[in-house]
Structures are given as C-alpha cells and as structure tokens.
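This report introduces a protein structure to a reader who has not met it before. The sequence and the model are shown first, and a description of selected features follows.

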Amino acid sequence: MAEKKKAKADHEEVSEVDNELVSAIEKLQDVQDELEKVNEEASDKVLEVEQKYNEIRRPVYNKRNEIIRSIPDFWLTAFLSHPVLCDLLSEEDQKVFKHLQSLDVEDFKDVKSGYCITFSFKPNPYFEDTKLVKVFRFSDEGTTSISGTKIRWKDGMDLTNGAAVEKEGNKRPLIEESFFKWFNDSQQKETTEGIQDEVPNKKTAFVSNPSGHALQVADVIKEDLWPNPLKYFNNV
C-alpha cells in the first residue's frame, strides 16, 4: 500500500515537472517569435538605409568611372592584381580587356531582389557589342535567375570556343578557357544548391563548372573589387 502511494506521488511529481517544462518551452517560443518579428523589422530598416545610400553613392560611382576612363588598362590591371580574378583571364582575354573602358555594379531598387554587372568596351576587333551585362535576380522563393548578354562575336574571334596557346615544354598546344564564357551562363537555380562558401581561386575550377561558380565570381566583383578597385590597381 505504501509503495502504491509512493508511486502515485512520484507520478504526480513527474507530471508537474513535465507541465512546468512544457509551459517554459511555450513561453520561450513566444519570446523567440517576438524576437524574429523584431529581426524582420530590423532587416527591413537595413534595406531601406541601403537603398537610400545606394542612391547617394551612384553619382560618386559615376564620377569615379569617368576618372577611370582616363587611366590606360585600369580594369585589366585591377583584375590581374586580384588574387582570384587574375586566374580567370586567359592571354586572349587580357587583349580584350585592353578595350574595357568601364565596369559598373548596380543593385536593383529593391536591393534584395538582385543586381547587374556591366562591362563597357570601346569598339574592338573581337565583338560588336559595346556593353556586356550579367544580371542576377533573387526571388522570395529562394531561387536565383542568372542571365547574360549573348555576345555577338566577329568572324573568327569567338574566344569561348577555346584558344590554342603553346606553352613551353608542351608538345601540343593547350586550350585556354575564356572568362567570357561567364556571360553564357543563363539559368535558374536554387541558391542553396551547388554554391560553395569559397570562391574558386583557379581558372580551371571556374570554367569546368561555370554554373556553380557564376554567382561566386559575381560576388567577388561586387563585394571585393567594385568597392575599391584602386586598391588592386595599386597592388602591382
């Protein structure tokens, strides 16, 4: 009889503890939900501030681009001095980049929805286009839509077919892949799939899987090169 009473008391004590635990977890969830709401409001405010200062920065960027146009081979030098981007330019790409007048990165008005990167060229013997644009659009569903200019290459000048280059010590010419293949990568994909945390630092890694690295290379240009290209131009 005493054992039954003890067992009943233990059961009631356990039930009381369980109820207290459930109640504490429910209260904790309520607080967490409140915190998430505050975080969402904070994110919206951050986006508003970012949009405001994008508008303020735009004329300054335009002024900078005008000055850069007067500096020979500025963007070519900046690319070649960058620890990642330097490996993405073939020897033929470097010749094309000598005609590159300006590079521009611009967020959409709704900054979280995407951005575009524009390369502006002088008339050149390689392609008809004066502007090559790469566009990245982000959806609320978590997908990234990637599109780029379809380059109108002049006869016999299409670098994306691969250029044969003789290297010392090689009996056969090596095929160098072109950075301009980057513009061919037009797709829609889940942002959480196939995108690694680290940006490839070898050209072969980029061209062997351009779809997986298109956004990574864009991030390097947008987040590292574009804010202060002078840092890399001076790092010769």
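In this predicted model, the charged end of K222 sits over the ring of Y115, 5.0 Å from the ring centre. A second arrangement of this kind involves R64, which lies over the face of W226 at 4.5 Å from the centre of the ring.

**Overall architecture**

The protein contains six helices and seven strands. Along the sequence these elements follow the pattern α-α-α-β-β-β-β-β-β-β-α-α-α. Of the 236 residues in the protein, 34% are buried. Among contacts with a separation of 6 or more, 59% are between residues 24 or more positions apart.

**The hairpin of β1 and β2**

Strand β1 covers residues 100–107 and strand β2 covers residues 114–121; the two pair in the antiparallel sense over seven bridges. Together they form a hairpin, with six residues between the strands. Within this pairing, D107 stands opposite Y115 in β2. Y115 is also the residue whose ring lies beneath the charged end of K222.

**Y61 in helix α1**

Y61 belongs to helix α1. Is Y61 buried or exposed? Y61 has a relative accessible area of 17%, which is under the 20% limit, and therefore counts as buried. Y61 and V105 are 44 residues apart along the chain, and their C-alpha atoms are separated by 9.3 Å.

**D129 in the loop after β2**

D129 is placed in the loop between β2 and β3, the latter spanning residues 131–138. Because its relative accessible area is 8%, below the 20% limit, D129 is classed as buried. A polar atom of the D129 side chain lies 2.8 Å from the backbone nitrogen of R152. R152 also appears among the residues that D129 touches: leaving aside those up to four places away in sequence, these are N124, T149, K150, I151 and R152.

**Aromatic pairs**

A pair of aromatic rings is described by the distance between the centres and the angle between the planes. The count of aromatic pairs comes to 24. Two pairs that involve F179 are set out below.

| Pair | Distance between centres | Angle between planes | Class |
|---|---|---|---|
| F179 and F180 | 5.9 Å | 75° | edge-to-face |
| F179 and F183 | 6.3 Å | 90° | edge-to-face |

Why are the rings of F179 and F180 described as edge-to-face? Their planes stand at 75°, and an angle over 60 degrees places a pair in that class, so the description applies. The planes of F179 and F183 stand at 90°, so that pair is edge-to-face by the same limit. F179 and F180 are both buried, and F183 is buried as well.

**The largest nonpolar core**

The largest nonpolar core has 41 residues. Which of its residues touch the most other members? They are F79, F119, F179, F180, W182 and I221. F179 and F180, listed here, also form one of the edge-to-face pairs in the table.

The elements that give two or more residues to this core are α1 (2–68), α2 (74–81), α3 (91–97), β1, β2, β3, α5 (210–225) and α6 (229–233). The largest share, seven residues, comes from α5. The hairpin strands β1 and β2 are thus both represented in the core, as is α1, the helix in which Y61 lies.

Conventions:
Residues numbered from 1 in each chain as written. Predicted model: local features only at pLDDT ≥ 70, side-chain atom pairs only at ≥ 80, totals over all residues. Heavy atoms only, no water. Pairing = 2+ DSSP bridges. Helix = DSSP H or I, 4+ residues; strand = E, 2+ residues; numbered from the N terminus. Buried < 20%, exposed > 50% of the residue type's maximum accessible area, 1.4 Å probe, protein only. Polar contact = N/O pair within 3.5 Å; in protein donor to acceptor, adjacent residues only side chain to side chain. Contact = heavy atoms within 4.5 Å. Phe/Tyr/Trp six-rings, centres within 6.5 Å; stacked < 30°, edge-to-face > 60°. Lys NZ or Arg CZ within 6 Å of the ring centre and 35° of its normal. Core = buried A, V, L, I, M, F, W, Y, C linked by side-chain atoms within 4.5 Å.
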